[in-house]
Every structure is written in structure tokens, then in C-alpha cells.
Amino acid sequence: MSTTDAPIALRDRPAYPALEDHYARVRALHLRELFAEDPERGTRLTLEAEGLFLDFSKNRVTDETLRLLVELAEQSGLRERIDAMFSGEHINVTEDRAVLHVALRAPSTASITVDGTDVAGEVHAVLDRMARFSDAVRSGEWTGHTGRRIRNVVNIGIGGSDLGPVMAYEALRHYSARELTFRFVSNVDGTDFVEATRDLDAAETLFIVASKTFTTLETMTNARTAREWALAGLGGDESAIAKHFVAVSTNAEKVSAFGIDTDNMFGFWDWVGGRYSMDSAVGLSTMIAIGPDGFRELLAGFHAIDEHFRTAPFDRNLPVLLGLLTVWYADFFGAETVAVLPYDQYLKRFPAYLQQLTMESNGKSVTLAGERVDYETGPIFWGEPGTNGQHSFYQLIHQGTRLVPCDFIGFAHSLNPVGEHHDLLMANVLAQAEALAFGKAAEEVRREGTPDWLVPHRVFEGNRPSNVLLADRLTPATLGKLVALYEHSVFTQGVVWSINPFDQWGVELGKALATRIADELRSDAPDLKHDSSTNALIERYRAAVGRGG
């Protein structure tokens, strides 16, 4: 199947109506029955690859379900689409671009061609420049305008230029250079910048401005504010900017006009989508934090799962299996959300990172053929670290009316072993998955001596599906594997749904209107031509800040 051929409509693939019939037969099955009928289920429905272990036995599936889901993937042309992505074809058809984040973590010996150009050499040339710069900052060789060493690094970006770096920094803080302070500014709300820099010394602060075009509204607004802040703290000498600002961008003209030396501009390519860019030059702050060797370990983890995804049979393929289970619950059970629950405090920003990766990718209602879908796509991803979430939203997952499939993520070893903490943490991972699956029946509640009137309140229905994903410990390589796992799961879902996971036209309209309204908020006498609500709100704001009348 070529990238321009419209795939067969989802409902016309033989496996889809077969899955509909199958769902009607199995939807009432309880996980208690499935485990009772198959004593080996808990060890049989598992998969291990590249240091990641997945127990998917607590899903509401049978062997027939899995067989039909794999058939659906095959009939969707998933193998061909994987090959097309890895070979540099323009699978992002609405923007006529290749999709090659996998090239960012391929070894230097790889041959990856985009439009006739082998890009592996270009990728590693940028990585080598990043490494030299990172080493210079970490060692103190790179100094600020006054000759003092850099002690603070502030990343200014938004979307993929922020969520990836901040997630990676928090996840890998255990490995970071503790003599350096890292801050991240993304929100155009001035509070974000003010609080991030309140206790910093301009003479010791380096700003990384991450914007491919160097025109992103929020990023450049914050960058200009950072420029003014730095000049105010450095005596107003314009030449100081080149020692305190570097750019992740491809727009040399605008970077130079800002005052940044283009020798300190780190580029990337239009075949790198923002939400897939944390292992490109966008990860410069990550490399400074954990060092070039740590960053290369991160890339190696990505690449390991890339190769697993590219080569493993679908029924033994971690990302494919996760993606197909997501389709199963979204399209057949009507599940609207997926909870990602990392039982490691370092991964506290991982669910937020996945929100962009999953929802910006698959939040689509039009197929590649330009037709409106008549099935569900793109569930809402959300979550919090365990055990915090257990004392907030787990009540809804256990006893609420909505089905919420869960991904539990845990590690055999803690990076900070303290007393019995880690045993208790991991006990909760296993206990929550067990409780969700099997619940507690009314008879069991009564046997505990519970009064009849209270029994319904203490019954746990169970049959709530979950995956348990385990690794040895959280390392840079492990983080790369986890991110790549979800990246390729998202791709699998998009292929099955016949949508484009790599564009994001839905963010454009609001941005365009915001630019127009910003001018109207500042204008002396704006000619307002919005709806009555928006016009009234604009006038109310103008009056509140003294611009009305």
C-alpha cells in the first residue's frame, strides 16, 4: 500500500465486523471467569522485550480477541505503514512530509534516506555539536558575559519544545548535574517567567530558546522578556546576549537578529514533529543535565524499541499490542479515557507528556481519505504518580460508572532505596491491578460481617482492565524505551483508524483568532466583528484595564 492510496475503510476490513460479533459474545465475561478457566493466564498473557515486561492478562480479552485484533492490524496495512515510515516516505500526507523521529536515535552507521538524502550523518553532526556545547557548560568552560560560569539553564519553549525537555529532566533528575539549576518556561502568562527567574542571577544564567521558526508566539514573547531581563542584569550591553542565549531553531536570520550567535544555533528538520522531538536538538537542556553519555543512552533506549517495533511479529510486539488494546476499548467498549499511572515519583510529568503525544496525534475525526469517521478515535490520556492518585481519583476507577483502562508502570529497583518504601510502593502497583480486575463480590462483603444496608456500598464490581508494565530501574535507556513504546502505540492506533497522527491542524484556528483578538484588546477603537459573546468579553476586559469608552 503506497502512502497516497486510501486504505480500506475500517468497517470494511473483515476483522472489524468479526470483532463486533466477538465483542457481543465476550463483553459480559468477567476477568474472574477468564482466570478461573485458564490457570496459566497470568503467566501466558505476558510479553517481554528489550528490558520491558508487560503483563496484559488483566485485560478483557480472550485468545480469539487477540487473534482478531492482530488480523485487524494486518488488514489495516500496519506492516506496510511501518516500513513506509522507516524508509522516509511522506506518510504525513496533509503536510507532505516524512515522519522520521526514528532517525534521531539511529546509530551513525545507519542509512536512512529522506528525499534522496541520507540524514543519519546530519543527525549525528548536530548531536556532536550538542555534546561539545553541553560539555563546555557542564565543565565551566562556557562562561557568561562577565566571565562567571553558568549555573542556571532556562529552557524556553512550548508544546513539544517544553513537555519533552521538562518531562525528561524530571524523569532523569537522579542522573543530572546537581550543581546546575534547570527551569522551564512555556506559558505566555508572565507569571511563568517571573517565578522561573525570580531567584536567578543573570550573570550565571543561560537561556535555550526552542522554536523551529523562531516565530512561535508564546516562545518568542517569553524570549523577548528573557532578553530584557538578562540585559537589565548585565548592564545593558547587547553583546552579552550571545553569551547567555542559544537557539534550537532553523531560522538563522531571526536567530541572528535576536542577538544569538548562529554558531550556537542547533537545528532540526521538518520531518521531526514537535511532540516527537525530545531526542533532537530540542533535548539540549536534557543533554546538559545528564551529559552526552547519558543522552546517548537515552537514544539507545529509543532505538531498541524502534527496532523491536519494526521487526517483531504483531502478536509479540509491545507497541502494537498496546495500540490494539487501546482500539479495543475505545471502539468496542466505548472507553473514553486511558489512565497512565507511573509508580515512580521521577515520572510525575510522564502522563502530561503523553497527553500531547497521544491526543495531539490521534485527536482526529477525518480519515486520510478526507471522510468523517463513524467510530471513536483518540481517547483522553491522563494520570498521576502512584500512590498519590489512589487518594484522589482511584475511587472513580474502582466504583464509578465509567470504564477506565489503566497502564501501571513500576520498577523492580528504586533509585532512592529508603527503608521499606519501595516494597510498599510496588505492593500498591500489584494490589491496585488485582483489585481492579477481580473486585470484591457481595457474598465476600457479607462474610466480613458487613450489615446488609452497607453491602452495596462496599462491593467492588471488578472487571476493570489494566496493563502492568515493569522494568528493572528507571535509567536514561529505560525512559527512551517507555517513550518509544507509546510513540509507536499511537502510530498503530492511527493506522487502524486511518487517520494522520502527525499533523495538528486543530491548534491553528485558536492561535489565529488569539492574534487578532490581542490586537483588538490593545487597540484604541477596535472594530469588533466577532459573535456577541466574544465582543462583549473583549469590551469587558478593555473596560477592566482602562481601555474602554
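Select His-413 first: this residue is partly exposed, with a relative accessible area of 38%. That value falls between the cut-offs of under 20% for buried and over 50% for exposed. The model is predicted, and every stop on this tour belongs to it.

Keep His-413 in view and show the backbone around it. His-413 is found in the loop between strand β12 and helix α16 (421-438). Now display its contacts. Leaving aside neighbours within four places in sequence, His-413 is in contact with His-422, Asp-472 and Arg-473. Next, pick the C-alpha atoms of His-413 and Asp-423. These two residues are ten apart along the chain, and their C-alpha atoms are separated by 9.4 Å.

From the loop, go back to strand β12 and select residues 406-411. Six of the six residues are buried, so β12 is largely enclosed by the rest of the structure. Show the side-chain directions along the strand. In a regular strand the side chains alternate between the two faces of the sheet. In β12, Cys-406, Phe-408 and Gly-410 point one way, while Asp-407, Ile-409 and Phe-411 point the other way.

Which strands pair with β12? Select strand β10 (residues 337-342), which pairs with β12 in the parallel sense over four bridges. Within this pairing, Val-340 of β10 has Asp-407 of β12 as its bridge partner. Then centre on Leu-341, which stands opposite Phe-408 in β12.

Now select strand β13 (residues 466-471), which also pairs with β12 in the parallel sense, here over six bridges. The bridge partner of Phe-408 in β13 is Val-468.

Widen the selection to the whole sheet. It is an open sheet of six strands with mixed pairing, in the order β1-β2-β13-β12-β10-β11. At the edges are β1 (46-49) and β11 (380-382), each of which pairs on one side only. From one strand to the next, the twist averages 15°.

To finish, add helix α19 (residues 476-497), which packs on the sheet. Colour the strands that α19 touches: β2 (52-55), β10, β11, β12 and β13. Compare the direction of α19 with that of β12; the two make an angle of about 165°.

Terms used. Residues numbered from 1 in each chain as written. Predicted model: local features only at pLDDT ≥ 70, side-chain atom pairs only at ≥ 80, totals over all residues. Heavy atoms only, no water. Buried < 20%, exposed > 50% of the residue type's maximum accessible area, 1.4 Å probe, protein only. Pairing = 2+ DSSP bridges. Axes fitted to C-alpha atoms, helices over the stretch in contact; angles between N-to-C directions. Contact = heavy atoms within 4.5 Å.
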